[in-house]
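Open your viewer and get ready to click through the model one stop at a time. At each stop you will find something to select and a short note on what is there.

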Amino acid sequence: HSGLDMVCQVSADVMRRLKEQLDAEGAVASQHVLDWRSQTEHEKEHGLLAEVPARVCPASKSVPQHKDKPDGKGACVSSWICVVYLTHHPGSALVLKDDVTSREFRVAIEPGRMCCWPNARFSHRVDVDAAAALGAELTGFRYML
């Protein structure tokens with residue numbers, strides 16, 4: 001792994017907004033969003049927290065091209081992958097590579113940016129600009145849900 005995996009607790013409002021964005025993108029919701037849907041209306045109304053997977057990576061380090069796997073092991077996930085970046089890292093980009101056409105798509109890492117893609121079709125990596133990496137050594141980590 002290129003970072004530290006953990007579970008973050010987020011509010012029902014955040015989960016609702018993530019679900020709305022996923023629905024708008026036409027993405028297949030992850031098991032974690034499906035688990036949230038099973039919460040009772042009482043739990044949702046009272047702002048109880050939902051658990052979602054998260055990762056913290058050194059901001060100065062690139063992540064090699066790969067496909068996501070459950071817990072980093074075994075066969076590749078065949079469903080959609082969704083990440084929400086929580087921090088700003090100038091010069092860093094998520095790069096999606098279409099395995100069919102070999103076309104690459106660069107997405108700047110910005111706080112609040114959600115990126116979704118079908119894992120079966122796209123490999124992905126994170127590129128960090130060398131000059132930005134020097135500053136990132138001091139600023140710490142890249143956070144994502």
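**Stop 1: the nonpolar cores.** Begin by selecting V83, Y85, L94, L96, C115, W117 and V126, the residues with the most contacts inside the largest nonpolar core, which has 13 residues. A nonpolar core here is a set of buried Ala, Val, Leu, Ile, Met, Phe, Trp, Tyr and Cys residues joined through side-chain atoms within 4.5 Å. Now colour β4, β5, β7 and β8, since each of these strands supplies at least two residues of this core. Strands (E, at least two residues) and helices (H or I, at least four) are DSSP runs, numbered from the N terminus. Which strand gives the largest share of this core? It is β8, with three residues. Next, select V10, L18, A50 and V52, which are among the six residues of a second, separate core. In soluble globular proteins, nonpolar side chains tend to be buried together.

A word on what you are looking at: this is a predicted model, in which local features need pLDDT of at least 70 and side-chain atom pairs count only at pLDDT 80 or more, while totals for chains, interfaces and linings use all residues. Residues are numbered from 1 along each chain as its sequence is written, and side-chain values use heavy atoms, with hydrogens and water left out.

**Stop 2: a salt bridge between distant parts.** The structure holds five salt bridges, each a side-chain nitrogen of Lys or Arg within 4 Å of a carboxyl oxygen of Asp or Glu. Select R121 and D98, whose closest N and O atoms are 2.8 Å apart in one such bridge. R121 sits in the loop between β7 (114-118) and β8 (122-128), and D98 is in strand β5 (residues 92-98), so this pair links distant parts of the chain, 23 residues apart. Is D98 buried or exposed? D98 counts as buried, at 5% relative accessibility, whereas R121 is partly exposed at 36%. Buried means under 20% relative accessible area, exposed over 50%, and partly exposed in between (1.4 Å probe, protein chains only).

**Stop 3: a network.** Show the side chains of E104, R106, R125 and D127, which are linked in a network of salt bridges. Within this group, E104 and R125 meet at 3.0 Å, N to O. Because E104 lies in strand β6 (residues 104-108) and R125 in strand β8, the pair ties together parts that are 21 residues apart in sequence. R125 also forms a salt bridge with D127, with the closest N and O atoms 2.9 Å apart. R125 is buried at 15% relative accessibility, while E104 is partly exposed at 39% and D127 is partly exposed at 21%.

**Stop 4: a loop lysine.** Move on to K69, in the loop between β3 (63-66) and β4 (80-84). K69 is partly exposed, with a relative accessible area of 37%. Leaving aside its neighbours within four places in sequence, K69 is in contact (heavy atoms within 4.5 Å) with G74, A75, C76 and V77. Add N119 to your selection: K69 and N119 are 50 residues apart in sequence and 9.3 Å apart in space, C-alpha to C-alpha.

**Stop 5: a positive phi.** Finish at S102, in the loop between β5 and β6. Its phi is near 70°, a positive value in a residue other than glycine. S102 is partly exposed, with a relative accessible area of 48%.
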